[in-house]
Amino acid sequence: MDFLPHTDQDRAQMLAELGLSSEEDLFAVIPQELRAQNWNLPSGLSEMEVMDRLKGLAEQNAHRLTCFLGAGFYDHFIPAAVDAVLRRGEFYTAYTPYQAEMSQGTLQSIYEYQTAICRLTGLDVSNASLYDGGTAMFEATMMAVRKTRRNSLIVCRSVNPIYRVMLKSYTANLHLELIEEDITDPDRLAEIVSDKTAAVILQNPDFFGRVHDFSSHFALAKDNKALSILSCNPVALGVVKSPAEMGADIAMGEGQTLGLPLSFGGPYLGYMAVREQLVRTMPGRLVGRTTDHQGRVGYCLTLQTREQHIRREKATSNICSNQALCTLAALVYLSLLGKKGLIELCQLNLAKAAYARQRLTAIPGVELVDEGPWFNEFRLSLPMDARVAVSQMIEKGMAAGFPLGRYYPEQANNLLVAVTEKRTKEEIGYLAEGLEAIL
Amino acid sequence: MKTIFEISRKDRRGAALPRPDLPRDIFEQSRIPENLRRAEPAELPEAAEVDVIRHFTNLSRLNFGVDVGPYPLGSCTMKYNPRFTEEVARLPGFANLHPLLPQLRRGGLLTQGALRVLYETEQLLCQITGMSAFTMQPMAGAHGELTGIMLMAAYHRHKGNQKTTVLVPDSAHGTNPASAAIAGYKVVTVPSKDGVMDPEAFEQKLDDKVAGVMMTNPNTLGLFNPHIKRIAQAAHEADAVMYYDGANLNAIMGYAKPADLGFDIVHLNLHKTLGTPHGGGGPGSGPVGVVERLADYLPISRVSQREDGSLFLNYDFPKSIGYIAPFYGNFGVTLKAYAYILALGGEGLKNVSRDAVLNANYLRVKLADKWQVAIDKPCMHEVVFTATDKAESFGVSALDVAKALMDEGFHPPTIYFPLVVKEALMIEPTETESKENLDAFVAAMAKIAQAAEKDPDSLHAAPRTTPVGRLDEVKAARQPDLIFRGTCPG
């Protein structure tokens, strides 16, 4: 099946107007010796056949497991209205809004999204998105390196380990020093921060679900003229202290929790908000509000001299396509939940996780690793290897959590359990009963 | 239109959450302690679902997309996006799948369907490009470029080479030098001759410091560089890596493969060539393919197959550059491209390129009597015109032409790119435009050419039929208003 409007008659007519006799003449510009010698792709299929094939593959995945897996990516409820908006062809088949007059839908949505992110984080400017939380962390790091002209970075070990691996990967060729330590205690940070430190990077809630106030850490960073970067789950910002209140310079993170499905790893949403003074070194698109020559309010891309299409190798980033449709999802989600709904969502998450802790710590041998407070995730220490426990729980129809040994070798018996508003009291009960049975 | 913040009214709710099925005291106990709590709630909108749907529906109507009309934005390949691919991405078996599942013990068994999609898409992309292995991790074209440069750097590091520069042609897309710079390389530009990168100039700039060269073929002028074999040979003799920017792959599918042209690394844009939607600026996907000698450096994890045919995530690549993405790339986009390739098949993809090249050449010839083509040669999938004559004779710029086209019902072509052409109009119709649409575009351009001569002020005043006219971009840059500061009405 193809989507080509031309009939053979159309083609013949067009070729005649070009003075050519066949389509092959169009490719005379490619010398014969460079032509493809074989073209072995399978034959095309009808829509029905492709759907059958993909449905079959979809069913070969265990998507029905009750999900207590988090580790930075969460199973939240997404109202149907979000997808209804994303399905508007005017939104999803448009491209980067270079021609503002024809793109006011995209542009105004991005402006509203930028506003929502600023209101959540308390910071001054948000960009129009980056690819995901990990690349957002890398971009924030590079902003700090450029701004301070220093080359050492301090990242807390309670920052998502996947992002720390990404950071190492991206900075491998860049002569930067990456110090990974547990700096939850600000005294430890005080020992290692120096005049070579470009940035201090922390996460709240941290990877283990604990909620903190990093104000003293960021004050320390500031005293040393280093930038403070805080990675946060934007849903948690409904209730936890905001990055601005803690004194962060840059807030970034993963926006998947704002109305995006888990989708086996993407597309996700990297958000970033910064203090006013940093706006000109910020990566990513920025939409500004202005007026047209008749005084009507309109929106356009602005401060584009930071970007690749203008500055090329001097750009603040190479980013071009970002995650625009995902920002629309986040904006619609936040608009539907609203100011009070987001708080209520957080309360549900907090309560469900607390209930799960109660039920699970009642099991002999199962203990909490931390004292809290937590958001919707927590660490348990089990009397057995967490990988084996999880494997056995899968047979009971549950993804019981993330075995921390995967990224923290010293924590092989520790399990990271996430509980969102989607988990019912019954499901939490089954989790506890199941775990008790296998331990 | 009002912003969503202005439509808000206190206490309105758009989404209902599940009713709490837990005792009251659990809610009390689990509250975040005051010293860790934010002082004031975030000022988010408060709107009923009907308000939200109306707001965004009306916003969408201010937008022009491929679904509305022709969108010949050069370099972007704005082809029609088949609807069924949207269904595929929404299948619960994919949409609800947590990415960490295959990383659990025996977790591969939980995700064979998803792993199969990744594995087969990689194989199909190998077939299309001639490369030996792919990674689906890069989440956009520019991200693919950065990944490719990082692979290049890893290759040189392992060989103990001291390479510091990357060559790009003067017609290169901005993401090419930007990506090379982010990866720590210095960028050197090579001039063009007769519209394509000059092989002699290239050989002159090729020294032992050159890590690689980033090119696309056909280039951003839509011209195929016939010297490509000579260029590749010279590069390889200097142990420089040949990088192919796949943005223009729509021109050559089934006719030529980047591997055969001498390229070592390729990135593709799934949201251009392989039919996934542009989304208003993403999400895209920029998978990267490599020849055998670079495969060891690809990011992990990779999907490998056991003897029994089952698939698993393989991390056992000690020379890998590590993680480029948190997981397996924009999987939802990969799914759509996979479905698109299955639907079209080999024959269909070749027909895509055939009609894309036919359409661009048709425009090249039909526009020629009123408009000046930048390089007078047969083009491939896109063609660049220049409005220099109109600018010099009538004071009508490429920008004016773009704005006037909006009033004719077309999205404008790309303007002022490539940089090597003054007053550039870069036109890429793609294969999904019918002959009538192409003829209508030619007629609209003829009308604009006429207006340029007879009534240039009418073009300076364009667009007049869009929701807003030309915006004060200078004010937007000088007095940035990047966040709505009004309060939500009580």
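What follows is a short chat about a predicted model with chains A and B.

Colleague: How many residues does each chain put into the contact?
Modeller: Keep in mind that this is a predicted model. Chain A brings 189 residues and chain B brings 211 residues.

Colleague: And what area is buried between chain A and chain B?
Modeller: About 17300 Å². Carbon and sulfur atoms give 64% of that.

Colleague: How many salt bridges cross the interface?
Modeller: The rule finds 13 between chain A and chain B. One of them pairs B:Asp21 with A:Lys352, with the closest N and O atoms 3.1 Å apart. There are also 88 residue pairs in polar contact between the two chains.

Colleague: Which helix of chain A gives the most to the side that touches chain B?
Modeller: Helix 12, residues 324-361, with 26 residues. By class, that side of chain A has 98 nonpolar, 54 polar and 37 charged residues.

Colleague: Switching to the cores. How many residues are in the largest nonpolar one?
Modeller: 326. Those with the most contacts inside it include A:Leu54, A:Leu360, B:Phe202 and B:Trp371. Helix 12 of chain A gives the most to this core, with 23 residues.

Colleague: What does A:Leu360 touch, beyond four places in sequence?
Modeller: A:Val366, A:Phe378, A:Leu380, A:Val417, A:Leu431, A:Ala432 and A:Leu435. Apart from the big core lies another, of 10 residues, among them A:Tyr95 and B:Met78.

Colleague: Now A:Phe91. Buried or exposed?
Modeller: A:Phe91 is buried, because its relative accessibility is 2% and the cut-off is under 20%. A:Phe91 is found in helix 4 of chain A, residues 89-92.

Colleague: Which residues are in contact with A:Phe91, sequence neighbours aside?
Modeller: Residues from both chains, including A:Leu325, A:Leu328, B:Phe56, B:Leu59 and B:Gly280. A:Gly105 is in contact too. A:Phe91 and A:Gly105 are 14 residues apart in sequence, and their C-alpha atoms are 7.3 Å apart.

Colleague: On chain B, where does B:Arg354 lie?
Modeller: In helix 11, residues 331-367. B:Arg354 counts as buried, at 12% relative accessibility. Beyond its sequence neighbours, B:Arg354 touches A:Arg11, A:Glu23, A:Leu26, A:Phe27 and B:Tyr255.

Colleague: What about A:Arg11, which salt bridge does it form?
Modeller: One with A:Asp8, the closest N and O atoms being 3.2 Å apart. The two are 3 residues apart in helix 1 of chain A, so about one helical turn separates them. A:Asp8 is exposed at 64%, whereas A:Arg11 is buried at 8%.

Colleague: And B:Thr111, where does that lie?
Modeller: In the loop between helix 5 and helix 6 of chain B. Its relative accessible area is 0%, so B:Thr111 is buried. A polar atom of the B:Thr111 side chain lies 3.4 Å from the backbone oxygen of B:Gly107. Among the residues B:Thr111 touches are A:Gln60, A:Asn61 and A:Phe264.

Colleague: Back to salt bridges. How many over all chains?
Modeller: 50. A:Arg157 and A:Glu410 form one, at 3.0 Å, N to O. Both sit in loops of chain A, so the pair ties together parts that are 253 residues apart in sequence.

Colleague: How far apart in sequence are the parts that A:Asp370 and A:Arg210 tie together?
Modeller: 160 residues, again loop to loop in chain A. Their side chains meet at 3.2 Å, N to O. A:Asp370 is buried at 11%, and A:Arg210 is buried at 15%.

Colleague: Which residues do shared partners join into one network?
Modeller: A:Asp83, A:Arg87, B:Glu86, B:Glu87, B:Arg90 and B:Lys336, through salt bridges.

Technical notes. Residues are numbered from 1 along each chain as its sequence is written. Chains are lettered from A and ligands numbered from 1 in the order in which they are written. This is a predicted model: local features need pLDDT of at least 70, side-chain atom pairs count only at pLDDT 80 or more; totals for chains, interfaces and linings use all residues. Side-chain values use heavy atoms; hydrogens and water are left out. Contact means heavy atoms within 4.5 Å. Buried area is the accessible area (1.4 Å probe) that two parts lose on being put together, summed over both. A salt bridge is a side-chain nitrogen of Lys or Arg within 4 Å of a carboxyl oxygen of Asp or Glu. A polar contact is a pair of N or O atoms within 3.5 Å; within protein, one must be able to donate a hydrogen and the other to accept it, and residues adjacent in sequence count only if both atoms are side-chain atoms. Helices (H or I, at least four residues) and strands (E, at least two) are DSSP runs, numbered from the N terminus. Ala, Val, Leu, Ile, Met, Phe, Trp, Tyr, Cys and Pro count as nonpolar, Asp, Glu, Lys and Arg as charged, and the others, Gly among them, as polar. A nonpolar core is a set of buried Ala, Val, Leu, Ile, Met, Phe, Trp, Tyr and Cys residues joined through side-chain atoms within 4.5 Å. Buried means under 20% relative accessible area, exposed over 50%, partly exposed in between (1.4 Å probe, protein chains only).
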